[in-house]
Amino acid sequence: MARDEVRDAVLDAARAAFHARGYVNTSMKGVAAAAGVAPAVVRRYYDSKDRLFAAAMRLPFDPATAVPQLLAPGLAGMGERLVRATFEILGDEGSRADLAALFQAGASAGRAAQTIRDFLEASLLDRIAAAVGIPDARMRVAMISAHLVGLAVVRYAVRLEPLASAPEDVVIKLYAPLIQDLLDPSKSLPGRH
């Protein structure tokens, strides 16, 4: 098999695995077996599961570089950067098609949302929360995930109006303060000490 054919086989196997088993239950070893290659071959192309997921879903970013880029300007404006990053991920039609396929291929929309949430949390949000050192980080990350995955589902899968057709800048202005508040270490979460 030519190099491009091997990479395509790996990506096809990964896409099928993520659709069938979700992010958490898909392994690099399992993808390699499904593609008919050694695990080292998969690792030669993709050194982590989050990079494999990003490539299989045709996401327009590399998780290994996305977090440092999001963190570099500091905590101020992080909410807006996260919402913009969500739109960048979903701005590519191929990415949206692959994510929509997760919803159609999964046993339920819940499994697809879980796959996307698990990826967002493991690849981006947990790393950001750890880097900025916010209290109640796990709860805050879960709430940020709920907002961003909910935005993606309602805007692109359910297509609920007026959110589905609202200009991105309008939606960013609405969502960014919500996300920023959840990242603010000076603001305690209600019911938490």
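In the predicted model, the axes of helix H1, which spans residues 3-21, and helix H4, which spans residues 49-56, come within 9 Å and cross at roughly 95 degrees. Two packed helices are described by the angle between their axes and the distance between the axes. Angles of 65 to 115 degrees count as roughly perpendicular, and H1 and H4 are therefore assigned to that class with respect to each other. On the H1 side the contact is made by Val-10, Leu-11, Ala-14, Arg-15 and Phe-18, which meet Lys-49, Leu-52, Phe-53, Ala-55 and Ala-56 of H4. By class, the residues of this contact between H1 and H4 comprise 8 nonpolar and 2 charged residues, with no polar residue among them.

Arg-15, one of the H1 residues in the contact with H4, also takes part in a salt bridge with Asp-12, in which the side chains meet at 3.1 Å, N to O. Side chains of opposite charge can pair when their charged atoms come close. Because Arg-15 and Asp-12 are 3 residues apart in helix H1, about one helical turn separates them. Over the whole structure, the search finds 5 salt bridges.

With regard to enclosed space, the count comes to 1 cavity of 30 Å³ or more, and the largest cavity holds about 40 Å³ of space. The lining of this largest cavity consists of Leu-82, Ala-85, Thr-86, Ile-89, Leu-120, Leu-124, Leu-125 and Leu-148. At least two lining residues are supplied by each of helix H6 (78-91) and helix H8 (109-132), and H6 gives the most, with 4 residues. In terms of residue class, the lining of the largest cavity has 7 nonpolar residues and 1 polar residue, whereas charged residues are absent from it.

Helix H6 also contributes to an open site, the second largest pocket, for which the volume is about 220 Å³. This pocket is lined by Pro-60, Phe-61, Ala-66, Gln-69, Leu-70, Arg-81, Arg-84, Ala-85, Glu-88, Ile-89 and Leu-124. Two or more of these residues come from helix H5 (63-71) and two or more from H6, with H6 providing the largest share, 5 residues. The lining of the second largest pocket divides into 7 nonpolar, 1 polar and 3 charged residues. Ala-85, Ile-89 and Leu-124 are included in the lining of this pocket and are also included in that of the largest cavity.

Two features of the backbone were found in loops. Most residues other than glycine have a negative phi, and most peptide bonds are trans. Asp-136, placed in the loop between H8 and H9, is a residue other than glycine with a positive phi, near 55 degrees. The peptide bond from Glu-161 to Pro-162 is cis, with omega near 5 degrees, and Pro-162 lies in the loop that runs between helix H9 (137-158) and helix H10 (168-183).

Key. Residues numbered from 1 in each chain as written. Predicted model: local features only at pLDDT ≥ 70, side-chain atom pairs only at ≥ 80, totals over all residues. Heavy atoms only, no water. 1 Å grid on protein atoms, 1.4 Å probe; cavity = no way out; pocket = protein on both sides within 12 Å on 5 of 7 lines; lining within 4 Å. Points joined across faces, edges and corners; volume = space filled by probe spheres on them. Nonpolar A, V, L, I, M, F, W, Y, C, P; charged D, E, K, R; others polar. Axes fitted to C-alpha atoms, helices over the stretch in contact; angles between N-to-C directions. Parallel < 35°, antiparallel > 145°, perpendicular 65-115°, else oblique. Contact = heavy atoms within 4.5 Å. Salt bridge = Lys/Arg side-chain N within 4 Å of Asp/Glu carboxyl O.
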